[in-house]
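Let's take a walk through this fold together. Keep the viewer open and follow along.

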Amino acid sequence: MAQPGHEQAVEDRRHMARALELADRGRFSADPNPRVGCVLVRDGEIVGEGLHWRAGEPHAEVNALRAAGEAARRGTVYVTLEPCSHDGRTPPCTEALIQAGVARVVIAMQDPNPRVCGGGMKALRAAGVEVETGVLEAEARALNPGFVQRMEQGRPWVRIKLAASLDGRTAMASGESRWITGEAARRDVQLWRARAGAILTGSGTVVADDPRLNVRMKPHQLAAQAGFPDDPHYSDLPVRQPLRVILDARLRTPPGAQILQSGPVWILTGPDAARSPAADTLRGHGADVRPIALASDSPEGGLDLGEVLAELARAEVNELHVESGPGLAGALARGGWVDEWLLYQAPLLLGSSARPLVEWPLARMDERAELEILESRWVGDSLRLRARPRA
């Protein structure tokens, strides 16, 4: 197929950038579906736009087609993810595009979902629709890191959030940690919780801090905090509480813990503990207590983190947000499970007896873990660093 000329390529990138911008507005509501945006153009003018707001509701392409009406015929569709070609919670988008009579579909990236994965493009081409792919593909993949990783690797994207002093400490020796960061940083954390499919912590954090680990902003407040344009859809969306997950091999979670009182909670524990009276008590307080295999290489009887992540992937968790103590953070890091670090560094010192950022004993400099800083910005009086392990 002939490649588009320079002017057409520039136009394709411009309209795809707009589609990506629209897709991002579903950051807090589309999960477990991917965030997808769509722009419909005819004769150089945008005639329809749409995004996917929630699972079970119309996809971005359908919303754009509805906005365009008859102007969609012979138009060009820009969509951030390959249109679906199968019946799921909604009918296939390829059928809607073909029936609308569009002439050309430009796709940022192929859908990694095995149920689609090229089938959408094949269906469109078979109907005589011109198809282009790979326009702003890297940006499209970055928009949905969890969905892509779950489909390609069978596990969620793991993001660890940490709050530390300038001397790299996360809590006093007693476990006291409220508050290291200020109110602005804590509001910012709400955005990262809200985009996640699940929030993971350890029983030690539950016992020490009694956190709720829930989303305390409404969708329109999250949108405003994220800088999205005002849209009436946000007022109609319900608050989507991520699944909260507690790793608790010895079932130390108190039945009266706050985390059990606001939304769905899993407590993952060993097979024997899951059959104990303590497990039944926690179930009586609303927790879903589930057995997970113990790690064969853990002298302390810890849970198999690979199995934990696989279980969450089966529950359609795309992004896993971790708020825990240094023990769990270190275990995830040592296992190579961390995809992204989110560190809020506050302008204070906690001293040498305070708890470290992660428990990860390294003896030699050549054992160090190197990170790539992706972003740094001030949030109130805290410096927020976002980093990923170097390949």
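Before counting strands in a sheet, here's the rule in use: two strands pair if DSSP finds at least two bridges between them. One more thing up front: this is a predicted model.

**The nine-stranded sheet**

With that rule, nine strands make up an open sheet with mixed pairing, in the order 11-10-9-8-12-6-13-16-15. Strand 11 (288–291) and strand 15 (371–379) sit at the edges with a single partner strand each, so one side of each has no neighbour in the sheet. Going from one strand to the next, the twist averages 25°.

Inside this sheet, strand 6 (residues 157–164) pairs with strand 12 (residues 319–322) in the parallel sense, over four bridges. If you want a spot to click on, try Trp157, which stands opposite Glu319 of strand 12.

Now look for helix 13 (residues 326–334). This helix lies across strand 6, strand 8 (198–202), strand 9 (243–247), strand 12 and strand 13 (340–345), and runs at about 110° to strand 8.

**The five-stranded sheet**

There's also an open sheet of five strands, again with mixed pairing, ordered 2-1-3-4-5. Its edge strands are strand 2 (45–51) and strand 5 (130–133), each of which pairs on one side only. Here the twist from one strand to the next averages 15°.

Strand 4 (residues 104–107) and strand 5 are joined in the parallel sense over four bridges. Val106 has Glu132 of strand 5 as its bridge partner. Helix 4 lies across strand 4 and strand 5, at about 150° to strand 5.

Here are the two parallel pairs side by side:

| Strand pair | Sense and bridges | Facing residues |
|---|---|---|
| Strand 6 and strand 12 | parallel, four bridges | Trp157 and Glu319 |
| Strand 4 and strand 5 | parallel, four bridges | Val106 and Glu132 |

**Helix 3 against helix 4**

How do the axes of helix 3 and helix 4 cross? Helix 3 (residues 93–100) and helix 4 (residues 119–126) have axes that come within 10 Å and cross at roughly 20°. Angles under 35 degrees count as roughly parallel, so helix 3 is roughly parallel to helix 4. The crossing of the two is right-handed.

Helix 3 brings Thr94, Leu97 and Ile98 to the contact, while helix 4 brings Gly120, Ala123 and Leu124. Sorted by type, the residues of this contact are four nonpolar, two polar and no charged.

**A closer look at Gln345**

Gln345 is found in strand 13. Leaving aside residues up to four places away in sequence, Gln345 touches Ala164, Ser165, Leu166, Asp381, Ser382, Leu383 and Leu385. With Ser165 there's a polar detail as well: a polar atom of the Gln345 side chain lies 3.4 Å from the backbone oxygen of Ser165. Ala185 is 160 residues from Gln345 along the chain, yet their C-alpha atoms are separated by 9.6 Å.

**Two backbone oddities**

Most residues other than glycine have a negative phi, and most peptide bonds are trans. Which peptide bond is cis? The one from Asp31 to Pro32, with omega near 10°. Pro32 is in the loop between helix 1 (6–24) and strand 1 (37–42).

Then there's Cys117, which isn't a glycine but has a positive phi of about 35°. You'll find Cys117 in the loop between strand 4 and helix 4.

Conventions
Residues are numbered from 1 along each chain as its sequence is written. This is a predicted model: local features need pLDDT of at least 70, side-chain atom pairs count only at pLDDT 80 or more; totals for chains, interfaces and linings use all residues. Side-chain values use heavy atoms; hydrogens and water are left out. Axes are lines fitted to C-alpha atoms, for helices over the stretch in contact, and angles run from 0 to 180 degrees between N-to-C directions. Contact means heavy atoms within 4.5 Å. Angles under 35 degrees count as roughly parallel, over 145 as roughly antiparallel, 65 to 115 as roughly perpendicular and the rest as oblique. A crossing is left-handed if the near helix is turned anticlockwise from the far one by less than a right angle, and right-handed if clockwise. Ala, Val, Leu, Ile, Met, Phe, Trp, Tyr, Cys and Pro count as nonpolar, Asp, Glu, Lys and Arg as charged, and the others, Gly among them, as polar. A polar contact is a pair of N or O atoms within 3.5 Å; within protein, one must be able to donate a hydrogen and the other to accept it, and residues adjacent in sequence count only if both atoms are side-chain atoms.
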